[in-house]
Structures are given as structure tokens and as C-alpha cells.
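Colleague: Please pick out a single part of this model for a close look, and then take me from there, step by step, to whatever it connects with.

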Amino acid sequence: MAKIKRPKAGLLRPIIVEWMGAAAAVTLMTALAAGLGWFWRLDQTLYDAALSLRHRPAPEDIVIVAIDQQSLDQIGRWPWRRAIHATVIDKLTEMGVKGVAVDILLAEPDRADPAGDEALARAIKRNGKVVLPVIMEASSSGQLREVLPSPVFAAAAAAVGHVHIELDADGIARSLYLREGLAGGERQYLHLAAALATLEGKDKAELPGQRREASQSDQRGLWLRDHWVHVAFLGPAGHFRSVPYADVLRGAVPKEALSGKLVFVGATAAGMMDAYPTPVSGFGRSMPGVELSANVAAGLRGTGFISIAPLALQVVVAALLVLALMGAYLRLSARRSLFVTSLAVVGVFALTLALLYAGGWWFAPSAAMFGLALCYPIWSWRRLEAAQRYMDEELAAASREPELLPYAAPMSRRRKSALSDELEARIEEVRRASARVRDMRRFVGDTLDGLPQAALVVDTELRITLVNTQAASLIGKPAIVLGGKRASDVLAPVLAQGAPEWNTLIERAPVSFEARHADKRDLFASIVPFLGSEGDRRGLLISLVDVSVLKEAERKRDEYMRFLSHDLRSPLVSITAMLDLRELAPETQKEDFFLRIRRSVERSLTLAEDFVQLGRAEAIDESRFAAVDLTDLLQAAIDEAESQAYGKHIELGLAFAPDAALTRGVRDVLFRVFINLLSNAIKYSPENTRIECTIEPEGDRWRCTFADQGYGVSPEDLPKLFDRFERLEAANRKGERGAGLGLAFVKTAVEKHGGRIEVQSDVGKGSRFILFLPVLR
């Protein structure tokens, strides 16, 4: 068969190249998504959802004095006189509060009530721990300026702090700066809550949050911000404990309710408060600025803030997760890859929620989830593309192979339908190639079954892939059971002798050897390797030929040669020697001389007759069978052997036999069987003994027994009693001569007639030869 040139390996792009390209593309897109914030809205939504689940109890030492609707109803419409605020400050001072943050803008004096301003300033001074707000506003010219409390109040206050909140692009308040102020101004202002915290003795250098970059411009007139923090909201609006402003004014609040507490005073009534939507607002309920400041104070006092993972870390982690998943694809099937991808996406989301909920850490998961979700379609596309390209090249190579079996014309030779496409064409080509493979396997299987000898095909691990009917019969198991089993396990019990060294068989093949089956059959084994298209060894073809007939023919030939060269030649040599002696010594007595020659001639005739009879027994054909009466035949044999028995005074008797014992066979051969058994019994029995014969029915067999009172056969000689040319030691000791063919003839003839023979013997007591022959109904 001509060798077909296959495409070079370089034409097929390795799958690792496709993987590297897909991994690089997905990793780059993931890094860009994380670095450029492609999914910031989704990240913010997930952040808000996670934070809304992260409820923590509000600190007991932070209380809000709320300017609520109840207070407006009792005190009157806003704004209130400064004297009212002074009264409330004095009440808080009397209660022993730890500090007061007033989230009310007092930027201008009350010209209608200067006494009220003075009273409020004195109250602030007496308390000594009051923090007032400062705000930033733009003038009509666009220039930024600080709006501080009125000088009388600023001088009396312990500190001032800004109340600005950072709104994200979606309008949600999630973070703020703990320090703000004009560049080039006199001072930088802490947040209202941070300024209140400093009154407890906290060092300003301990402020948390992301610091302003050193490269940021300090140009005069710019509003600088530092210590950026994300507020860890403890709960929705109304989560902190609050008391109505009016109750404090009229002394309705117990002293112990506010003693030792940080108090935030601010508006919570609808329509007059600075309210902000927060991650925990929910259903449009905004959070008052005073409560937002209370959350900041709680964070500074121990509940902490949300730590945002650095952008560089988010990019690196997202890229590494994508690379890890892509690496797993190299070892996973398509279904498992989809499952692992889904698990990875859900796992990243769950881990992000767990980090925020338990540790206050936020890792924006959208970019990583996007990259992980993108891995599967990208890799599936590239893997499918590579598989399709490889399939096209392999199908093209297969189409150039010679057709060993007739097939239908390929699709390219048939008219395509209007709706057919490239995928359909490829599917048709694959279907046809699969049919070729199945047909070829069937062809190989049928070819193996057509072989006269047993044949097995094994792979490089010596596992059976194909086995024909003859091999299954030889092994004794169905072919379907043998598939996938190791040849060494299957054949070792069968090859009782001559089994090869299985471990090195792949390297040593081709080999051939003779073996012996467990049932004594002789086998010739041939093991040859078969090669793949690249010339590498793909497995072995093991053939087992039953050579028992050949071995038996060789054994018979050797026996015949021994008979001709020794047993038949020996009497002739004796005759020649006696003739030579006669020529040298003519005076030898004629009677003795001729007697010795006669004995040698008779011995040669006996050997020749036995040999001929054995050959006749082996060549028996059932077409010659006829009805034979064993009773009549046995009586005739006894009459024939009577003269031989008379010489040794041995009595022959037919103890029991039916009137007729019919069987089918060749009369002359069966008569010779009886004569041989009687002759042997007479020959190996002492004088004055009895030989008794019987014929009895036993099921569908005739039981013919020949019992003598002779020397018997030793147990070690019984197994070789019927072997050809075998002379037993007991016969040699008694001086009886023979070629060892008589009993071999008996056994062969009986078996040819569908019977069997058994021997029972006791040394010194006699033997019983029992024939079982079929009954003719």
C-alpha cells in the first residue's frame, strides 16, 4: 500500500497557542475593565446592597438632638431665636455631655436680636466643647470662599469643622474627606465629627483614610481635601438614638440620657434638613446630614470605615483569577469548565460580600466577574475553532487515504441544499468518517473471525481490544467479557506452559514460541507488533494455533520409526546372526537351529500384525459399522483363546451374559479387542488360575469385564498401561515378550466405537479390564 503524505505538525496550531492567545485577550480586557472602571455602576450597586446588609448597633454614647417636626410644632417656625439655642446649650452643659456638634449654620449675626447672639455665645463658651460648622461656597465670580460662623460664635466655640459630603457620580453619598480647606488659607478644617473627636484628646495625625497625593497642586484659591474615607453606615436613617430638640428645651429629657454622651444637634424635619441618599437609605429615604456626621463619629470612635482595595491590587487580583481559571480549562471538559466558571463567578461575589460584611474590606468584583464570565465563551470559541481546523485537516488527510471498502459518495460530490452551511458540511464529513471507522472496525473484526486460528489484538498496556471467536473458544469465555482485560491475566491460566514475559513483550515483539494449553493441547503462539500512521507501536497481534494434530503426527512418526528401527528389526537381525553362526558351525543341531529361526519369524509376524491392527483401529470409519452381538463375539473369542489357556492350565469362563448384547461396530475389530484382552490375561497370569468374563447392561452401555488372577499392575504403571510401545516393568520381570501395542490397540478401538476402558488392579491378586460399549436399541 502506498504511503500517504500527512500534513506537517507545524500546520496544526498547538492548542497551547490558542490558550495563550485567549488568556492574554481575556486578561487584558479584565485589567482594562478593572483599571478604567467599566462597571462602576454595577460595583456601586453591589457595594450598596452589601452595605445595606451590614447592620451594626449604634454606639450608646452618641445621641442626636433632632430638630424634628414635633419640635417645630411646639417651638414655632424656623428660624428660631438664638436665645432658644443658648438655652438648649446650657441644658446640655448642665447634663454633663462630653461634647456638642451643632450642625446649624451661624454665619451671620441676628441684627434683630443682638442679645440672643450674646447669650448663645456665652452658652457656647460655658460649655467649652462645642463645635460649629464651616462651609465652602462659590461667589458670583466663581471664586471659592470659606463661610465661617459669625466671629462672636467662632471665638466662643472650641473648634469649627466642615460638613461637606462627597457625592458619587450616581448622586449617592458614600464617602467624605476628614480634612478640607482653601489652599493658602489660614487653616485646614477637620470634619465636624473629627473636630468633635479631637476634643476627647485624639491626635490629629491619627486620622484614617486615603491621603492626598503629594503632587496635587497647592495653588491658592483651590479647595484641598485629604483623608478620604468611605463611611461604614451602621444602619438606615433613624438608626442612632435621638431626642427631640423641644424635649431638651423644656427639660423633659433625663440627665442620665445625655450625661457623658457626644451630642449632635441638627435638623431632621422634612423640608429643612440637608438630606443625602446613602447606600443604606432604601426606598428613597434620605439620611439627614447630622446623622451622617454621627456615623462618621462612630467610625472614628471604633466602628471603623470601609477600606477600599487599591486599584492596582484590584487589577492584579482580577487578572490572576482569570489566568487561574484559564489554566484550569486545560484540564477540564467543556461541561466541567462551565460549572467551574459559574462557581468562580459566584465565589468572587460571595467572597466580596463576606470581606465587606466581616472585615470592612471592599473589592470591586464586577471586573473580575466579567473576566471570569468572559473566559468560557472566549476559550470555547478558540477551542472550537482549533478543533474545527484540526478536524478539517484530518478529514482532508483521511480523504486522501485509499478506499479499502466501498463507500457512498462524499457530500462535496452531492448536490447541497439551499439551507446547508459549512457546519452542516463538516458534520456530514465527520459522519462519513465515523462510518468509515465503524465499517473498518467491523471489517477487521470479521477478518479476525475468519481466521482459522485464535487471534487477539491488544494495546500498548496489553489490554484486549479485539478478540475473535476462535480465541474466545480457546480461552473459554465470551468475547464481550474479554474486552478491556489484560492479556496476561486472560492467557496466563490458558498457557499452562511456555507463557512469555509479559512486562517486556511490547519491546521484544515480534516473538514466537510453543506453549501448552491447560487441557494438554499443544499451541504455537506468534506475537507481532502493529504500527500507527507515524510508525510508532500501537499494540500487538497475538495468534494462537492449535498444533496438537501436528504434534500427535510427529509423535506417531517417531513411534513408527522406533518400531521399524528396533522392534521389527531386532528379530530379523537375530535370524541373520543365526544364519551366520550356521555357516561358521555346520555341526549345530538342525532342530534347535530351525526352532530359533521359527520363533524370531513368529515374533516379527506378531509385531507386524499388532502394528497393522493398530493402524486398522485408528482408521475405523462409522460407515463400516453394523450390528454386533457381544455375547456371541465373546464366546467365539473364548473358544479361540482356549488353546493358549490350556498350555498354562488356565480356565476360561463366561460367568454371565445376556442371550444377546447388541452394539454397533466392526465385528473383526471388536473380536480382536476381546482376543487381545484374553491373550494378555493368559500371558500375565500364573498356571492353574481362572479368567472370568461377564457382559452386563449398565444404563445405555454394555459392561464387559475380563477378570484374571494374574500378577497385577502396580499403581505407578497404570497411567502408561495403554501407551504405545510401552513395556511394563512387571512384564519384563516375568520374561513375557511383546511390543506394547496390544493394549494400545484395545483402547483405540474401544474409543473409536464410542466406548471407554477402565482398569482395576491389585499387585499379586489380579486385574479387571472393563469395557463400556454403547447399547444398540
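Modeller: Let us begin with Asn688, which is found in the loop between helix 23 (residues 667-683) and strand 25 (residues 690-698), bearing in mind throughout that this is a predicted model. Phi of Asn688 is near 60°, a positive value in a residue other than glycine, and this deserves a remark because most residues other than glycine have a negative phi. Asn688 counts as exposed, because its relative accessibility is 60% and the threshold for that class is over 50%.

A useful counterpart is His227, for which phi is also near 60° and thus positive, although His227 is not a glycine. His227, however, lies in strand 9, and with a relative accessible area of 6% it falls under the 20% limit and is therefore buried.

Strand 9 spans residues 223-230 and also holds Asp226, which has a relative accessible area of 9% and so is likewise classed as buried. The side chain of Asp226 is not without a polar partner, for it makes a polar contact, at 2.7 Å, with the side chain of Arg211. Setting aside residues up to four places away in sequence, Asp226 touches Gln210, Arg211 and Arg212, together with Tyr177, Leu178 and Arg179.

From His227 the path continues to Leu176, whose contacts beyond four places in sequence include His227, Trp228, Val229 and Val231, as well as His164, Ile165, Glu166, His191, Leu292 and Val296. Apart from this core-side neighbourhood there is a second, separate core of 42 residues, which includes Ile650, Trp702, Phe722 and Leu773.

Leu176 itself belongs to the largest nonpolar core, which has 48 residues, and it is among the members that touch the most others, along with Ile62, Phe240, Phe264, Leu292 and Val296. The elements that supply two or more residues to this core are helix 2 (40-53), strand 1 (62-67), strand 7 (173-182), helix 7 (192-198), strand 11 (262-267) and helix 10 (289-303). Helix 10 provides the largest share, at 7 residues.

To place these details in the whole, the protein has 25 helices and 28 strands, and buried residues make up 42% of its 777 residues. Among contacts with a separation of 6 or more, 70% link residues that are 24 or more positions apart.

Note on methods
Residues numbered from 1 in each chain as written. Predicted model: local features only at pLDDT ≥ 70, side-chain atom pairs only at ≥ 80, totals over all residues. Heavy atoms only, no water. Core = buried A, V, L, I, M, F, W, Y, C linked by side-chain atoms within 4.5 Å. Buried < 20%, exposed > 50% of the residue type's maximum accessible area, 1.4 Å probe, protein only. Helix = DSSP H or I, 4+ residues; strand = E, 2+ residues; numbered from the N terminus. Contact = heavy atoms within 4.5 Å. Polar contact = N/O pair within 3.5 Å; in protein donor to acceptor, adjacent residues only side chain to side chain.
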